[in-house]
Amino acid sequence: MNFVIPDDYDKAYLGSPHVERLAPHGKVQVYTDPSRDESELIERLRPAEVVIPIRERTPFTAERLLMLPQLRLISMTGTGVASIDLKAATTRRIVVTNTPATSVPAVVELTLGLMIALCRRLPAIDREIRDGQWPQHVGGELSGKSLGIIGLGAIGSRVAEVARAFGMEVFAWSPRLTADRARQHGVTPLPLADLMARADFVSVHVRSLAATKGLVSRDLIARMKPTAFFINTARAAIVDEDALWEALSAGRLAGAGLDVFTQEPLPANHRWAGLGNVVLTSHRGWVTRETLDRFMGAAVENTLAFLAGRPVNVVNPDALA
């Protein structure tokens with residue numbers, strides 16, 4: 001077998017014991033530098049019978065899949081598979097697997113970190129101290145505030161648990177949220193419009209799907225309190241980014257913590273840089289040493305199960321027909 005890891009840009013898997021488990025089954029090639037062009041990428045991928053991509057760094061379009069005749073398995077790290085044309089993969093009987101819940105702790109911690117950074121004005125304090133000042137900003141507390149969670153899945157439910165430990169009241173909306181599940185996680189279920197209007201903090205944790213594109217609309221953003229903060233560690237497409245920027249720049253929102261953007265990487269002199277009431281991170285919600293280790297451990301387990309004829313965590317089961 002030929003195994004290819006095409007995008008280990010963090011250099012996390014050179015010498016990884018997880019990757020070494022594949023060695024008895026064939027040749028393993030790990031690429032740590034981005035390919036310079038499409039032809040080079042295809043040349044790297046062409047021998048592969050199994051590809052283990054790191055999150056969604058390497059898209060697998062229908063056109064690319066056509067050029068990979070040996071490919072049998074895409075063992076994706078992470079939950080999201082939006083970068084893969086699942087219909088084309090299924091047609092070509094390429095099985096796609098994922099690693100559910102492996103990035104939950106990292107995303108949860110960054111979400112709470114952004115909330116604290118915003119309400120305590122930590123970035124501004126840091127900058128001013130470095131400039132020789134001794135700032136006297138008066139921040140706020142999470143305790144006693146309300147958090148509205150959009151999407152009470154694996155990440156959202158854990159955010160709710162941690163927020164409650166901080167003394168926050170937690171509201172939640174999710175496409176299929178039941179009263180039993182809300183009680184289980186100690187949250188108050190609300191219609192999305194009411195959640196946006198009542199919460200002191202709003203945090204997005206739904207998946208990026210056709211059904212959730214633009215879910216957080218201009219109208220919903222307009223319902224938020226001017227003292228409220230908005231957090232997005234999910235995907236930019238879920239939010240009307242123009243409406244959010246306008247609300248923040250006009251002072252109709254207190255601030256935002258953003259890890260995801262419509263255009264990534266952000267260009268030089270991007271519009272977000274001019275706003276002093278936002279905390280920006282470079283799509284780092286999931287990136288920790290521990291997450292990367294869990295990613296590869298689970299992806300290798302999926303790969304070995306597939307090779308043994310007992311595939312697990314299959315996203316497109318019709319490919320097994």
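Which residue is the bridge partner of Ile5 in β2? I began my notebook with that one, and I found Val30. Before going further I wrote myself a reminder that this is a predicted model.

**Entry 1: the strands around β1**

I looked up the pair that Ile5 belongs to. Strand β1 covers residues 2-5 and strand β2 covers residues 27-30, and they pair in the parallel sense over four bridges. Then I checked what else β1 pairs with. Two bridges join β1 to strand β3, residues 50-51, and these two run parallel. I picked out one contact point there: Phe3 has Val50 as its bridge partner in β3.

From β3 I stepped on to strand β4, residues 73-75. Two bridges join β3 to β4, again running parallel. Here Val51 stands opposite Ile74 in β4.

So much for pairs; next I wanted the whole sheet. Five strands form an open sheet, and I wrote the order down as β2-β1-β3-β4-β5, with parallel pairing. Which strands sit at the edges? I noted β2 and β5 (95-97), since each is listed as pairing on one side only. A general note to self: strands of a sheet pair through backbone hydrogen bonds, either parallel or antiparallel.

**Entry 2: helices by this sheet**

I looked for a helix lying over these strands and found α12, residues 289-307. Helix α12 lies across β1, β3, β4 and β5. Its direction is about 155° to β4.

Then I turned to helix α2, residues 38-45. Which of its residues are buried? I listed Glu40, Leu41, Ile42, Arg44 and Leu45. I stopped at Glu40 and Arg44 and checked them again, and yes, both are on the buried list. As for what they lean on, the buried residues of α2 pack against β1, β3 and α3 (62-66).

**Entry 3: the other sheet**

My next lookup was a sheet of seven strands. It is open, with the order β8-β7-β6-β9-β10-β11-β12, and the pairing is parallel. The edge strands are β8 (188-189) and β12 (278-280), each pairing on one side only.

I started from β6, residues 146-150, and went both ways. On one side, five bridges join β6 to β7, residues 169-173, and the two run parallel. Ser146 stands opposite Glu169 in β7. On the other side, four bridges join β6 to β9, also parallel. For that pair I marked Gly148, whose bridge partner in β9 is Val202.

Moving on, four bridges join β9 to β10, which run parallel. Phe201 has Phe229 as its bridge partner in β10.

Where do the side chains of β9 point? Phe201 and Ser203 point one way, Val202 and Val204 point the other way, and all of them are buried. That fits something I had in my lecture notes: in a regular strand the side chains alternate between the two faces of the sheet.

I also found a helix lying over this sheet. Helix α5, residues 104-119, lies across β6, β9, β10, β11 and β12. It runs at about 150° to β10.

**Entry 4: empty space**

Last job: holes and hollows. Rolling a probe the size of a water molecule over the atoms shows where empty space is left.

I took the largest pocket first, with a volume of about 1,100 Å³. Which elements give two or more residues to its lining? I got α5 and α7 (154-165). Of these, α7 gives the most, with three residues. The lining counts 40 residues, and Thr79, His205, Val206, Arg207 and Ser208 lie nearest the centre. By class I wrote down 18 nonpolar, 15 polar and seven charged.

The second largest pocket has a volume of about 610 Å³. It is lined by 20 residues, and the closest to its centre are Phe261, Glu264, Pro265, Ser282 and His283. The split here is eight nonpolar, five polar and seven charged.

How many cavities of 30 Å³ or more does a search of the whole structure find? I found one. The volume of this largest cavity is about 40 Å³. Its lining is Asn232, Ala236, Val239, Glu241, Leu244, Leu258, Val260 and Trp272. I sorted those residues into six nonpolar, one polar and one charged.

Note on methods:
Residues numbered from 1 in each chain as written. Predicted model: local features only at pLDDT ≥ 70, side-chain atom pairs only at ≥ 80, totals over all residues. Heavy atoms only, no water. 1 Å grid on protein atoms, 1.4 Å probe; cavity = no way out; pocket = protein on both sides within 12 Å on 5 of 7 lines; lining within 4 Å. Points joined across faces, edges and corners; volume = space filled by probe spheres on them. Nonpolar A, V, L, I, M, F, W, Y, C, P; charged D, E, K, R; others polar. Pairing = 2+ DSSP bridges. Contact = heavy atoms within 4.5 Å. Axes fitted to C-alpha atoms, helices over the stretch in contact; angles between N-to-C directions. Buried < 20%, exposed > 50% of the residue type's maximum accessible area, 1.4 Å probe, protein only.
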